[in-house]
Amino acid sequence: MIHWNEGIISLLDSQGADEMNNGLEDVVAAETILSDVRGAEGQLIIRGHPLTALAGRWTFEETAHLLFTGFFADLPDAAEFAPRLGAARVDMFEATRKFLGSASKLSAYDGMRAAMAMLPDGTMLPDALRLLAAPAVLLPALIRLQAGDEPIAPSASAGHAADVIRMLGRSSGADALDTYLVTVSDHGLNASTFAARVVASTQAGLTSSVLAGLGALKGPLHGGAPGPVIDMLDAIAAEGDSASWIARALDDGERLMGFGHRIYRTRDPRADALKAALQSFGGVDARLRFAESVERVALEALHKRKPDRVLETNVEFYTALLLEAAGFPKEVFTGVFAMGRVAGWLAHAREQALTGRLIRPASRYIEPLTKEAA
Ligand code: COA
């Protein structure tokens, strides 16, 4: 008996769906001034700045301001943007306080998404600031509630990343988190940004776009990989033999989390930006050395098994180590990714909405034939 989905897959294969480029690789679906992912060179450019000039040098607020420039009529200058975002964090905390108890019954990611779904759907700067502030406020509050602790209120005058660390009840890791948020703030037409742009093209509003982005980011092929990176490292540490663990996983047809990328045909430049930030933490040397040894063995195995496909380390590998060192539980890593990427989603949503053009591609109908045609 053919399992129901095997039946569908073989039907699609027999109709040549593979040739149709189901993943839309190399299809240009938008023009953007926001970022450029240069796969062959391993470079990421964000509004004219190479990532290396931003990560560890610019704050998240400055980067979000850069992305927002030109997309909001009432955007203040960069110096005033940070306190406005601080005020938005305080407002968000007050506005969502009464939902936190019920949201905390879901996973932190789903709870954050549920609370954000309550926000009004506007297109102005205050709407964008609320959505930019929301993950930074909601995630620490939900983490604390789930651990049986009271949420800590935000401080309007703190830096965005520093405030997140403070709301977690921790005192170190703010600079590394800031570098992380800047590093993941935008990345071309990735799956979640595309989802956000599709929704924006209907003129639905920024909350709807951000919710679409959150939905797409959640999957392990996109933003859901860093938690499983920790699982992989822990399983390898428990077994004590990277090579045999990795060989078995690949024999079983599994993908190694934190490796491979749709666009980069060389090492993901974000991996090194995060590795550098990670080195600023004290006490992570042993973990880092172990991860580097696993990375070497994984790359060797991937290169050997897939000599025709460039499979290198992606952003998620060192994201996992950095967020672990900053004190986030692995279950919320994808939510922290959203905390940074929301800046890109908002700018892309505005850029798409401003084109005024609905995104509505075509599909190829393959079966069944109508009764008349048969
Ligand atoms: N581990 C093992 N094999 C991998 C792999 C990985 N991490 N990534 C890709 N491959 C293999 C695929 O199995 C496929 O082999 P096949 O041709 O024999 O079927 C081949 O490489 C090409 O894969 P494909 O699915 O076409 O690549 P893609 O462009 O769609 O993949 C990812 C991009 C990110 C989805 C993919 O590399 C992946 O799943 N990585 C692991 C998850 C991850 O780290 N996600 C975070 C992305 S930033």
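Trainee: What classes of residue make up the shell around the ligand?
Mentor: By class, the shell around the ligand has 9 nonpolar, 5 polar and 5 charged residues, where Asp, Glu, Lys and Arg count as charged and Gly is among the polar ones. This is a predicted model, in which local features need pLDDT of at least 70 and side-chain atom pairs count only at pLDDT 80 or more, while totals for chains, interfaces and linings use all residues. Residues are numbered from 1 along each chain as its sequence is written, and side-chain values use heavy atoms, with hydrogens and water left out.

Trainee: Okay, and which residues come nearest to the ligand?
Mentor: Out of 19 residues around the ligand (a heavy atom within 4 Å of it), Leu 256, Phe 259, Arg 262, Lys 306 and Asn 314 come nearest.

Trainee: What does Arg 262 have close to an oxygen atom of the ligand?
Mentor: Arg 262 places a polar side-chain atom 2.8 Å from a ligand oxygen, a polar contact (N or O atoms within 3.5 Å). For Asn 314, a polar side-chain atom also lies 2.8 Å from an oxygen atom of the ligand, whereas Gly 258 uses a backbone N or O atom, at 2.9 Å from a ligand oxygen.

Trainee: How much of the ligand's accessible area does the protein cover?
Mentor: The protein covers 74% of the 860 Å² that the ligand has on its own, by the Shrake-Rupley method with a 1.4 Å probe.

Trainee: New topic: which domains does the chain have?
Mentor: An automatic or database assignment gives domain 1 (53-223 + 330-355) and domain 2 (226-325), and their contact (heavy atoms within 4.5 Å) takes 18 residues from domain 1 and 21 from domain 2.

Trainee: Which domains does the shell around the ligand draw on?
Mentor: Each of domain 1 and domain 2 gives at least three residues to that shell, and the centres of the two domains, taken over C-alpha atoms, are 26 Å apart.

Methods: A polar contact is a pair of N or O atoms within 3.5 Å; within protein, one must be able to donate a hydrogen and the other to accept it, and residues adjacent in sequence count only if both atoms are side-chain atoms.
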